[in-house]
Amino acid sequence: MPVPSRLSRLSRGALADLGPLREIPDYRRLWFGQAVSAIGQQMTAVAVSVQVYQLTHSTFATGLVGLCSLLPLVVFGLYGGAIADTVDRRRLGMIGSAGLAVVSGGLALQALLGAEQVGLLYAAVALQGAFFAASSPARSAMIPRLVPREQLPAANALNTIGMNLGLTVGPMLGGLLIGAYGAGSAYALDTVAFGATLYAMWRLPAMRPTGATGARASVLDGLRFLREQPNLRTSFLADLAAMIFGLPRALFPAIAVGFYGGGPGTVGLLVAAPAVGALAGGLFSGWIARVHRHGAAVLTAVAAWGLAIAAFGLIHQLWLGLLFLTAAGCADTISMIFRNTMMQVAAPDDMRGRLQGIFIVVVAGGPRLGDFESGTVAALTTPTVSVITGGLACVAAVLLLAARRPAFLRYDARRPTP
């Protein structure tokens with residue numbers, strides 16, 4: 001009896017806390033809707049990447065996919081966050097999800113009609129970036145309104161699980177569908193999946209934030225607030241370094257062919273591997289609550305990400321490459337949990353939309369710059385050089401941040417200083 005009891009306590013301490021899902025129906029609906037739609041969106045991301053590479057056979061052209069959504073992400077991320085602090089966040093989330101569903105339907109139609117033009121795919125990606133950035137801050141800012149403060153770390157861990165279920169299942173399912181039925185099948189299923197998000201949003205209560213101001217003032221106030229919070233600002237910069245230098249996803253179609261002799265199915269595995277690690281990190285996140293030095297944890301996790309990516313570039317065996325990508329994904333989700341918790345605790349409710357807008361620019365815009373950076377370096381050198389130097393540059397950026405902001409390393413969640 002003592003041994004099973006001890007094992008039971010250890011497992012409870014290691015596994016993710018499911019309290020928010022069990023106890024808060026509105027959060028449970030929101031979590032489920034976003035997890036289902038994340039699967040569809042990742043299928044679409046794989047399909048667009050594969051289509052562009054098949055049409056151009058160019059890593060540079062594939063890297064431009066990310067750059068096409070960068071400007072909409074920046075503009076609509078900032079103003080979407082400002083709008084989320086002035087209108088009903090529930091309604092804004094529904095509008096954005098409906099717009100994304102329409103774009104996915106348009107992509108399915110172009111595939112069905114055989115109107116496969118690179119320019120059309122770039123335009124669709126730009127529209128996706130606009131709708132996502134305009135509504136995502138509202139969805140993220142809802143969570144502290146639905147979940148008590150003491151349950152926010154658990155909710156953030158569960159959010160990473162839901163997101164990474166999409167990142168895991170989506171690319172693999174997308175690769176299989178594209179290989180068997182073409183890109184149109186992935187786009188069509190993505191369109192249908194948005195119904196889950198729309199239903200979840202419809203069931204939520206109205207969320208009219210307090211302290212609303214004009215959109216322009218809100219954007220400037222959000223940027224000023226972040227400028228005055230050095231620890232929050234450093235957490236943003238650490239994530240930006242990881243996404244720009246250490247995320248070679250634009251190279252996955254070329255790597256699948258050049259390293260492993262694979263096709264769309266291999267691309268799906270490469271895209272899914274970091275999400276598998278991230279999912280594992282979220283599932284076994286029970287220990288997170290016992291860590292109080294959140295700043296040091298963020299920088300350690302980002303450095304581990306960079307080292308794992310550099311190792312991936314050195315390895316041309318598929319199973320080892322997938323293993324290093326999995327380790328990178330685990331490090332990333334640990335960093336994300338700590339960063340989100342720091343931001344939610346430091347920001348007042350009437351500022352959360354604006355900070356979430358800036359956060360979306362970093363989290364979603366950073367990888368697009370990373371696509372461009374890795375694709376360009378690979379075109380000038382080789383994919384191997386691009387991946388290795390990107391991972392090492394990420395580690396160098398972490399060391400620089402640690403040297404410039406020693407107070408961030410001392411950040412203690414028991415005595416938070418934003």
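Guide: Buried means under 20% relative accessible area, exposed means over 50%, and partly exposed lies in between (1.4 Å probe, protein chains only). The model is predicted, so local features need pLDDT of at least 70 and side-chain atom pairs pLDDT 80 or more, while totals for chains, interfaces and linings use all residues. Residues are numbered from 1 along each chain as its sequence is written, and side-chain values use heavy atoms, leaving out hydrogens and water.

Visitor: Why is D26 called buried?

Guide: D26 has a relative accessible area of 19%, which is under 20% and therefore counts as buried.

Visitor: Why is R29 called partly exposed?

Guide: The relative accessible area of R29 is 22%. This value lies between 20% and 50%, so R29 is partly exposed.

Visitor: What makes the pair R29 and D26 a salt bridge?

Guide: A salt bridge is a side-chain nitrogen of Lys or Arg within 4 Å of a carboxyl oxygen of Asp or Glu. For R29 and D26 the N to O distance is 2.5 Å, so the criterion is met.

Visitor: How do you know that R339 and D239 form a salt bridge?

Guide: Their closest N and O atoms are 3.1 Å apart, which is within 4 Å, so the pair qualifies. By this rule the count comes to two salt bridges.

Visitor: Why are R339 and D239 called buried?

Guide: R339 has a relative accessible area of 2% and D239 one of 3%; both values are under 20%, so both residues are buried.
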